[in-house]
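Here are some notes on the model you sent, set out as numbered points. Please read them with the structure open beside you.

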Amino acid sequence: MEKIVVIGGGLMGSSVAWKLVDRDAKVVMIEQQGQNYFKGSSIGNTRIARSLGPKKDVFSYAHNKTIQEVTRLLEYLNEEEPKQQHTIDEIYSTSPVSYLYHKNEYAKIEKLRFKKQKKDFNRASPSSSFRKFGMSIPDDTILVREKRQYSGTLNPTELLKKLRSGIEKKGGEIKYEHQVVGLVKKDDIFEVSVLNMKTQKNHKLKAKKVVVCSGAYTVNVLKEFAPYFNKIISPKKVVLSFFKITDDRYGQLSEVEKEALFNSLPFFSQIKQEYFAMISELKEGVSPIIKAGGHQRRRNIHDLEKIWDEKPQKKELKWIKKQFKKHLEMLEIYVSKKDIEEVKSYNCVYSETRTKTPIVTHIFNKYGVLDTNIAVVGGMSGIGAKGCLCYGLLASDLLLGKNDKPDKMYKKMTKAFGNPSVNLYTKRIKPGRLF
Ligand SMILES: Cc1cc2nc3c(=O)[nH]c(=O)nc-3n(C[C@H](O)[C@H](O)[C@H](O)COP(=O)(O)OP(=O)(O)OC[C@H]3O[C@@H](n4cnc5c(N)ncnc54)[C@H](O)[C@@H]3O)c2cc1C
């Protein structure tokens, strides 16, 4: 059986590797971190999971497909481990998701098909939002609330654990603390140079097929095989803060205020810098820890290795705290600055494409020839987690050539994420400029 090497074991690499072993492929996944995942885009225990979108929206499709695939994974794990019950509630927390739009986006909101999906989505103007949702929103905004099963948050740490367990149970190999330091192709075979980070010894793996899922490190991994990727994907940093209302002040909130706070999270403002907030830790009777940040406050990264030790910039922290306070004020919860405790803050990494659309595609080699034995899953920026198993499915189809009966949405998704000529050459990057 041909061996497939998956480079990177975050949400994307683990999803691809699981889908490959689930189809009986022989897989080796190489991950530079240990089993404990601590630096990469998939860090932490909460991401917004949501499926609000216009008709035939590929991202909603990816989210829904991921739920189906998670169900399949859990069924498998439960068959293998009948004594241990794996449940979907360990991964998804269903709760309303609130979106704030500028009123100029009315046309976009209209496309969300409220009439057809009345039971799942509701919207409110500034005059009705407090009555409907317990939130007083600015005059120039519209609030939309989504209520669907498994919309709310998903837990990347739990999902990673289960994916990796599925990979190993199906006979896949995971090499932790191994770093890919070279990727070339010789005589139709990929040669992957791997550094054992514990022993500092190098060895070479030979494989017919490779999938690159290295997140922010994608350009680095592809620097020899497809150097043009530095024009396609770039690593970005984004600051995350974790806040709580101090326990004393939280204790003074009424039950109605607490309920309004819970109902308003996750919150995703589509305005300007795209502020987001969600509950990260919840313990009975104490103030919840809320994770917050701004999706459009991305900054270039000069040194990927140093990013996790670098202190976030003060102005970023100030901006997030200000938005957090504003959000509380919309709920008519008024707290002073000292009532907000910053539990921790750190820089996190994104991989972003020029078009801001994720890519799941074959790769052109450095001579401009499309190589169908290699695929890349990348540029997931702030939207990848909720669709990870759908991207994994797509990548495994690309490499194994399976999917006999694709439905219309699958085809649309393949085109959106998987066609190199669509994704790589948009924004007028012509092949001549790539190579
Ligand atoms: C701040 C933030 C908020 C987000 N919010 C949401 C959200 O609300 N909803 C949502 O759906 N998505 C969200 N996302 C996006 C989602 O988390 C990412 O799209 C997803 O985690 C990307 O996974 P990945 O596997 O591509 O990258 P990563 O998790 O970074 O995985 C890449 C892996 O490759 C490994 N690696 C790299 N180079 C090498 C090498 N040379 N050798 C071996 N291993 C290597 C790395 O160690 C890493 O583990 C958010 C992301 C961030 C950063």
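1. Start with helix α11, which spans residues 408-418; keep in mind that this is a predicted model. Which residues of helix α11 are buried? They are Met-409, Tyr-410, Met-413, Phe-417 and Gly-418. Seen down the axis of α11, these buried residues fall within an arc of 125°, so they line one face of the helix. The other side of α11 has Lys-408, Lys-411 and Lys-415, which are exposed. At the N-terminal end, Asp-407 acts as a cap to α11: one of its side-chain oxygens lies 3.2 Å from the backbone nitrogen of Met-409.

2. Helix α8 can be read in the manner used for the helix above. Its buried residues are Lys-258, Ala-260 and Leu-261. Viewed down the axis of α8, they fall within an arc of 160°, so they line one face of the helix. Glu-255 and Val-256, on the other side of α8, are exposed. Note that a lysine, Lys-258, is on the buried list, so do not guess burial from the residue name: the cut-off for buried is under 20% relative accessible area.

3. Next, the ligand. How many residues surround the ligand? There are 36, and the closest are Glu-31, Tyr-37, Ser-42, Arg-47 and Ile-48. By class, this shell has 17 nonpolar, 16 polar and three charged residues. Domain 1 (3-61 + 156-232 + 355-434) and domain 2 (97-152 + 235-352) each give at least three residues to the shell.

4. Backbone atoms of the protein make polar contacts with the ligand. A backbone N or O atom of Met-12 lies 2.9 Å from an oxygen atom of the ligand. A polar backbone atom of Ser-381 is 3.3 Å from an oxygen atom of the ligand. For Gly-382, a backbone N or O atom lies 3.3 Å from a nitrogen atom of the ligand. On its own the ligand has 1,000 Å² of accessible area, and the protein covers 98% of it. The elements that give two or more residues to the shell are α1 (11-22), β3 (47-49), β10 (178-186), β14 (233-245) and β19 (340-353).

5. Helix α1 also holds Ser-14. Is Ser-14 buried or exposed? Ser-14 is buried, because its relative accessible area is 0%. A polar atom of the Ser-14 side chain lies 3.0 Å from the backbone oxygen of Gly-9.

6. Some backbone angles deserve a look. Most residues other than glycine have a negative phi, and most peptide bonds are trans. Lys-56, in the loop between β3 and α2 (58-80), has a positive phi, near 55°. Asp-188 is not a glycine either, and its phi is positive, about 70°. Asp-188 is in the loop between β10 and β11 (189-196), and it is partly exposed, with a relative accessible area of 45%. The peptide bond from Leu-265 to Pro-266 is cis, with omega near 0°. Pro-266 is found in the loop between α8 and β15 (267-269).

7. Finally, here are pairs of residues set apart along the chain, with the separation of their C-alpha atoms. Glu-305 is in the loop between β18 (299-300) and α9 (314-330) and is partly exposed, at 43% relative accessible area. The C-alpha atoms of Glu-305 and Lys-39 are separated by 9.6 Å, with the two positions 266 residues apart along the chain. Arg-354 is in the loop between β19 and β20 (359-364), and its relative accessibility of 40% makes it partly exposed. Arg-354 and Lys-231 are 123 residues apart along the chain, and their C-alpha atoms are separated by 7.6 Å. His-203, in strand β12 (residues 201-207), is partly exposed, with a relative accessible area of 28%. The C-alpha atoms of His-203 and Val-180 are separated by 9.8 Å, and these residues are 23 apart along the chain.

Definitions and conventions. Residues numbered from 1 in each chain as written. Predicted model: local features only at pLDDT ≥ 70, side-chain atom pairs only at ≥ 80, totals over all residues. Heavy atoms only, no water. Buried < 20%, exposed > 50% of the residue type's maximum accessible area, 1.4 Å probe, protein only. Helix = DSSP H or I, 4+ residues; strand = E, 2+ residues; numbered from the N terminus. Arc of directions from axis to C-beta. Polar contact = N/O pair within 3.5 Å; in protein donor to acceptor, adjacent residues only side chain to side chain. Near = heavy atom within 4 Å. Areas by Shrake-Rupley, 256 points an atom, 1.4 Å probe, with all protein chains shown as cover. Nonpolar A, V, L, I, M, F, W, Y, C, P; charged D, E, K, R; others polar. Domains from an automatic or database assignment.
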